[in-house]
Amino acid sequence: MDRKFPRIVIDRDKLRNNCTQIVKHCEARGIAVAGVIKGAGGLPEIARLYRSCGAAQLATSRLEQMELWRREGIPGPYMLLRVPGLSELPEVARLAGYSLQSDATTLDALNSVCAEQGVTHRVIIMADLGDLREGFWDKTEMVEVCCHVEQGLDHLHLAGVGVNLGCYGAVKPTPENMGQLVDIARAVEARIGRQLEIVSGGATSSYTLVHWGTMPQGINHLRIGETALLAKDLQVDWGISDMDYLLRGTMRLEAEIIELRKKPTHPVGETVIDAFGNRPTFVDRGMRLRALAAFGRADVGQVETLLCREPGMTVIGGSSDHCILDVEDCPRALRVGDVVSFDLSYSHMLYATGRTDIAVVFNGA
Ligand SMILES: *Cc1c(COP(=O)(O)O)cnc(C)c1O
């Protein structure tokens with residue numbers, strides 16, 4: 001195993017369990033799963049594993065990650081999640097089997113690019129049902145654009161329609177807004193005279209309706225990343241207590257202690273602003289034992305929200321390359337050189353897996 005720190009250690013067995021369980025629960029309701037890997041830097045090992053657990057497609061927002069999958073020979077099809085820019089279209093046509101789309105100009109341009117490359121590309125047209133990120137707001141316009149793809153764009157195949165919720169606007173997926181998407185799909189089908197293959201009801205947050213058994217008929221596809229990769233948000237942040245078939249602790253960050261010393265808990269001297277332009281406040285708890293770990297915000301974003309695995313340890317702050325830990329109450333007598341570990345939230349995972357100087361190692365078969 002790589003003994004360079006910080007590093008991310010991934011439990012392959014837990015990850016496999018989660019991907020398998022999600023695919024199984026969705027399949028039981030007639031729902032196919034796009035395995036979303038973007039939160040974990042598109043790691044090819046995870047892409048391969050999710051696909052082998054039954055993901056219908058592998059999905060990411062970044063074309064570079066698809067390029068990596070292609071190089072590693074990971075079986076597709078690949079689905080591009082972020083609506084592409086015009087500059088990206090040649091790569092979209094070359095790498096992705098599917099993409100999400102929300103603009104008529106882009107669709108026309110993509111059709112031309114596909115014609116030049118001699119390929120047919122599948123598109124999912126996005127509706128905005130209130131979360132206010134991508135997607136058509138005017139549903140009449142959306143149906144017209146779907147008809148245009150079907151009838152006017154020879155090198156695009158209208159695979160279906162989709163929605164994204166719970167991202168920008170934090171809008172909760174419900175049987176009502178899922179039903180609105182199904183209605184849009186039926187309106188498109190009535191116009192084009194055939195069934196759509198994909199009615200894609202969203203991401204991890206929409207999985208809640210699968211879990212509760214309230215997903216309306218007609219939604220037959222979800223794009224799931226976070227809850228397969230970490231299994232934390234729905235169980236902890238949403239407080240869903242009966243989802244223990246998904247295992248937490250799939251990934252941890254391990255870091256080395258580089259200094260260990262008793263220090264005051266309140267800075268000494270006149271305070272101004274910290275390295276990130278914030279004006280922090282401090283509680284004076286007297287002299288306490290603290291440790292410095294060799295990673296920081298450049299590696300994980302916010303350090304304060306990391307979950308310490310070390311009993312008695314808390315994160316008290318950090319800077320770009322340092323994490324400051326209170327270890328006064330740790331039963332273990334820590335020393336410089338010891339390795340401490342943390343469970344990750346989505347944003348930590350996203351940042352840490354995006355760094356080229358953080359090693360990733362896999363445990364398990
Ligand atoms: C990121 C993303 C997903 C997956 O989101 P998770 O919350 O990680 O499941 C699905 N669809 C789109 C469009 C996305 O950008």
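**Exercise 1. Find what the side chain of arginine 223 does at the ligand, then look for other side chains with polar contacts there.**

Solution. Start at arginine 223 in this predicted model. One of its polar side-chain atoms is 2.8 Å from a nitrogen atom of the ligand. The cut-off for a polar contact is 3.5 Å between N or O atoms, so check other pairs against that. Next, go to lysine 38: an N or O atom of its side chain lies 2.6 Å from a ligand oxygen atom. Then try asparagine 164, where an N or O atom of the side chain is 3.3 Å from a nitrogen atom of the ligand. Now for the cover: on its own the ligand has 380 Å² of accessible area, and the protein covers 93% of that.

**Exercise 2. Work out where the ligand sits and which kinds of residue surround it.**

Solution. First, the site: the ligand is in the largest pocket. Second, count the shell, which has 13 residues. The closest are Lys38, Thr204, Arg223, Gly225 and Glu226. Third, sort the shell by type, and you get 5 nonpolar, 3 polar and 5 charged residues.

**Exercise 3. Take the domain that UniProt records at residues 10-226 and describe its make-up.**

Solution. Begin with the record: an unreviewed UniProt entry gives "domain: Alanine racemase N-terminal" for this stretch. Then tally the secondary structure over residues 10-226, which comes to 45% helix and 18% strand. Finally, compare the two ends: their C-alpha atoms are 14 Å apart.

**Exercise 4. Which peptide bonds are cis at proline 6 and proline 77, and where do these prolines lie?**

Solution. Keep the background in mind: most peptide bonds are trans. Step one is the bond between phenylalanine 5 and proline 6, which is cis with omega about -5°. Proline 6 falls in the segment before strand E1 (7-11). Step two is the cis bond from glycine 76 to proline 77, with omega near 0°. Proline 77 belongs to the loop between helix H3 (63-72) and strand E4 (78-80).

**Exercise 5. Is the phi of alanine 170 positive or negative, and where is this residue?**

Solution. Phi is positive here, about 55°, though alanine 170 isn't a glycine. Most residues other than glycine have a negative phi. To place alanine 170, look in the loop between strand E7 (156-163) and helix H7 (175-192).

Key: Residues numbered from 1 in each chain as written. Predicted model: local features only at pLDDT ≥ 70, side-chain atom pairs only at ≥ 80, totals over all residues. Heavy atoms only, no water. Near = heavy atom within 4 Å. Polar contact = N/O pair within 3.5 Å; in protein donor to acceptor, adjacent residues only side chain to side chain. Areas by Shrake-Rupley, 256 points an atom, 1.4 Å probe, with all protein chains shown as cover. 1 Å grid on protein atoms, 1.4 Å probe; cavity = no way out; pocket = protein on both sides within 12 Å on 5 of 7 lines; lining within 4 Å. Sits in = over half its atoms within 2 Å of the grid points. Nonpolar A, V, L, I, M, F, W, Y, C, P; charged D, E, K, R; others polar. UniProt positions renumbered as here; feature names shortened; annotations may be inferred. Helix = DSSP H or I, 4+ residues; strand = E, 2+ residues; numbered from the N terminus.
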